[in-house]
Amino acid sequence: MATVELRFSALPEHVRTARLVAAAVARRAGVDEAVLDEVRLAVGEACSRAVGLHQLSGVTAPVKVALIEEEKQFSIEVGDEAPHQVPGGSAAGDGTEAEAEEDEMGLAVISGLVDDVEVTTGEHGGLIRMTWPTTPPPAAALA
């Protein structure tokens, strides 16, 4: 299992770099070429969401992206350290209803692009894990 980790300052201009790196690593891991645009878009949406949450909450920690190559699958985890709504409690930040709707819209876009998505959130941050199947390289490429 190989993992590439990327950390970047919570600035919108770094999202493009994260998308490009994710697509390159996904291609190398064996994600189907037809799906690479979806990988790029989903990572862009997840990273933009994390950047926005960091900026709204005043979090100075970097956004974290892990690109994980496993047997027969490739996963991308985008983590933030912004406080999120905790079940049964109030918002951990001072977010508005409009911000909550925008967050839900971003998650809906990601869910539409990726079949296998897990979202976890808490008062100390959140994580979006997206997974795609991979195909092994042809035997001739291994020789």
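**Exercise 1.** In this predicted model, find which residues are in contact with Trp132, leaving aside its neighbours within four places in sequence.

*Solution.* Contacts are counted between heavy atoms within 4.5 Å. Outside the excluded neighbours, Trp132 touches Val31, Val35, Val39 and Ala42, together with Lys72, Gln73, Phe74, Ile76 and Val114.

**Exercise 2.** Place Trp132 in the largest nonpolar core and state which elements supply that core.

*Solution.* The core has 31 residues, and Trp132 is among those that touch the most other members, with Phe74, Ile76, Val78 and Met130. At least two core residues come from each of β1 (2–8), α1 (15–29), α2 (36–57), β2 (63–70), β3 (73–80), α3 (97–113) and β5 (125–133). Helix α2 gives the largest share, 8 residues.

**Exercise 3.** Which residue forms a salt bridge with Arg28, and what does the pair tie together?

*Solution.* The partner is Glu69, with an N to O distance of 3.0 Å. Arg28 belongs to helix α1 and Glu69 to strand β2, so the bridge ties together parts 41 residues apart in sequence. Arg28 is exposed, at 64% relative accessibility, whereas Glu69 is partly exposed, at 22%.

**Exercise 4.** Decide whether Arg129 is buried or exposed, then do likewise for Glu77, and describe their salt bridge.

*Solution.* Buried means under 20% relative accessible area. Arg129, at 16%, is therefore buried, and Glu77, at 18%, is buried too. Their side chains meet at 2.4 Å, N to O. Because Arg129 lies in strand β5 and Glu77 in strand β3, the pair ties together parts 52 residues apart in sequence. Through shared salt-bridge partners, Glu70, Glu77 and Arg129 form one network.

Key:
Residues are numbered from 1 along each chain as its sequence is written. This is a predicted model: local features need pLDDT of at least 70, side-chain atom pairs count only at pLDDT 80 or more; totals for chains, interfaces and linings use all residues. Side-chain values use heavy atoms; hydrogens and water are left out. A nonpolar core is a set of buried Ala, Val, Leu, Ile, Met, Phe, Trp, Tyr and Cys residues joined through side-chain atoms within 4.5 Å. Buried means under 20% relative accessible area, exposed over 50%, partly exposed in between (1.4 Å probe, protein chains only). Helices (H or I, at least four residues) and strands (E, at least two) are DSSP runs, numbered from the N terminus. A salt bridge is a side-chain nitrogen of Lys or Arg within 4 Å of a carboxyl oxygen of Asp or Glu.
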